[in-house]
Amino acid sequence: MTENMLHVNGVDLCVETFGDPADPAVLFIDGAAASMLWWDAGLCARIAGGGRFVIRYDQRDTGRSTAYPPGRPGYSNTDLALDAIGILDALRIGRAHVVCRSMSGGLGLILGVDHPSRVATLTFVSTSTGADGLPPSTVEHPEPTGDAVADTVAAVRAYAGGSPYFDEAATLDLARRDAARAKDIATAANHYAMRFEPPAGGGFEDLRVPALVVHGDLDPLLPLPHGQAVRDAIPGARLVVLHGAGHDLPPQLWDTFTAELLRHTGNRPADPDV
């Protein structure tokens with residue numbers, strides 16, 4: 001593992017890599033308010049062991065990356081997508097397999113339709129098209145206590161949707177580590193206040209990048225029909241349902257996820273380095 005600060009697209013981003021840079025690159029982008037720690041290092045190492053060069057990073061306003069005043073994010077979702085391109089440029093990677101979770105499904109869409117030459121494949125985890133008629137969230141959001149760690153654990157518990165795999169102790173440990181390394185844990189909420197801009201190149205139906213969709217059958221935030229809608233919207237996309245998972249990726253299902261991701265990315269090697 002190697003963690004570095006990279007100055008890209010006008011900001012500083014904390015980036016960590018796993019595996020051999022000569023292997024096909026897999027870029028992990030997490031969802032709203034989530035630092036790179038929520039793509040667990042154990043999962044990243046497992047995928048790297050399958051012959052992939054894995055990259056995870058703190059998006060703006062999370063972890064050790066550039067932070068903005070609470071409530072005043074100076075960027076849009078397009079800027080976050082361009083950050084991903086900037087990381088690939090800095091690492092001299094011409095094309096990567098992109099894995100995007102939850103809110104960052106929108107970033108994957110931007111990358112796929114506006115920058116298809118940089119994307120070998122797309123994997124959408126626990127995300128949605130946002131189309132009308134999809135079932136609403138059933139999450140019962142806990143009342144904030146003012147304790148960032150306790151509030152994070154409560155939110156993750158709610159998003160697990162009653163999954164038998166939810167691990168309170170492991171979630172508490174991760175939330176503590178996340179808070180300890182953040183410049184300001186309060187700025188993560190800026191993701192909910194940033195400007196949202198539609199991709200210039202169209203919607204999910206305009207993607208021509210091979211796509212895998214992964215979704216938990218217990219997801220209460222974006223119930224399973226959201227994942228099915230993503231699959232149906234993308235030509236040729238394939239859906240893998242994680243049984244027993246909520247809006248998360250528990251370790252008990254890493255074997256399934258890793259096997260599916262390696263299968264999805266195995267026959268489409270990344271382009272030579274730029």
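**Reasoning from contacts, burial and strand pairing**

User: Which residues does Ile-55 contact once its neighbours within four places in sequence are left aside, and what makes each of them a contact?

Analyst: In this predicted model, Ile-55 is in contact with Val-15, Glu-16, Thr-17, Ala-25, Val-26, Leu-27, Phe-28, Ile-87, Leu-91 and Ile-93, its neighbours within four places in sequence being left aside. Each is called a contact because heavy atoms of the two residues lie within 4.5 Å.

User: To which nonpolar core does Ile-55 belong, and how many residues does that core have?

Analyst: Ile-55 is part of the largest nonpolar core, which has 42 residues. Together with Leu-27, Ile-29, Leu-111, Phe-124, Leu-207 and Ile-234, Ile-55 is among those with the most contacts inside that core. Helix H2 (residues 77–90) gives the most to this core, with six residues. Apart from it lies another core, of 21 residues, including Phe-18, Val-26, Ile-47 and Leu-212. These sets are called nonpolar cores because their members are buried nonpolar residues joined through side-chain atoms within 4.5 Å. In soluble globular proteins, nonpolar side chains tend to be buried together.

User: Why is Asp-83 called buried?

Analyst: Asp-83 is placed in helix H2, and its relative accessibility is 1%. The limit for the term is under 20%, so Asp-83 counts as buried. Residues up to four places away in sequence not being counted, Asp-83 touches Val-8, Asn-9, Val-11, Leu-13 and Arg-60.

User: What makes S1 and S2 a pair, and in which sense do they run?

Analyst: S1 and strand S2 (residues 11–18) are joined over seven bridges in the antiparallel sense. At least two bridges are required, so the two strands count as paired. One of the partnerships is that of Glu-3 with Glu-16 in S2. The hairpin of these strands has two residues between them, and Asn-9 takes a positive phi near 50° there.

User: In what order do the eight strands lie, and which are the edge strands?

Analyst: The eight strands form an open sheet in the order S1-S2-S4-S3-S5-S6-S7-S8, with mixed pairing. Strand S1 (2–8) and strand S8 (238–242) are the edge strands, each pairing on one side only. Direction ignored, neighbouring strands of this sheet are turned by 25° against each other on average.

User: How do you know that S5 and S6 are paired?

Analyst: Six bridges link S5 and S6 in the parallel sense; the requirement is at least two, so the term applies. Val-99 has Thr-123 in S6 as its bridge partner, and Ala-96 stands opposite Val-119 in S6. S6 is mostly covered, as seven of its seven residues are buried.

User: Across which strands do helices H6 and H7 lie?

Analyst: Helix H6 (residues 224–233) lies across S6, strand S7 (211–216) and S8, and runs at about 175° to S7. The buried residues of H6, namely Leu-224, His-226, Gly-227, Ala-229 and Val-230, pack against S6, S7 and S8. Helix H7 (residues 254–266) lies across strand S3 (25–29), S5, S6, S7 and S8, running at about 155° to S6.

User: What makes Ser-102 and Ser-126 noteworthy in phi?

Analyst: Phi is near 55° in Ser-102 and near 55° in Ser-126, in each case a positive value in a residue other than glycine. Most residues other than glycine have a negative phi. Ser-102 is in the loop between strand S5 (96–101) and helix H3 (105–114), whereas Ser-126 is in the loop between strand S6 (119–125) and helix H4 (148–159).

User: Why are Ser-102, Ser-126 and Ala-237 called buried?

Analyst: The relative accessible area is 16% for Ser-102, 2% for Ser-126 and 15% for Ala-237. Each value is under 20%, so the term applies to each residue. Ala-237 lies in the loop between H6 and S8. Neighbours within four places in sequence being left aside, Ala-237 is in contact with Ala-211, Val-213 and Arg-231.

User: How do you know that the charged end of Arg-101 sits over a ring, and which ring is it?

Analyst: The ring is that of Trp-39, with the charged end of Arg-101 3.8 Å from its centre. This distance satisfies the limit of within 6 Å. A second condition, a position within 35 degrees of the ring normal, is part of the term.

Key. Residues are numbered from 1 along each chain as its sequence is written. This is a predicted model: local features need pLDDT of at least 70, side-chain atom pairs count only at pLDDT 80 or more; totals for chains, interfaces and linings use all residues. Side-chain values use heavy atoms; hydrogens and water are left out. Helices (H or I, at least four residues) and strands (E, at least two) are DSSP runs, numbered from the N terminus. Buried means under 20% relative accessible area, exposed over 50%, partly exposed in between (1.4 Å probe, protein chains only). Axes are lines fitted to C-alpha atoms, for helices over the stretch in contact, and angles run from 0 to 180 degrees between N-to-C directions.
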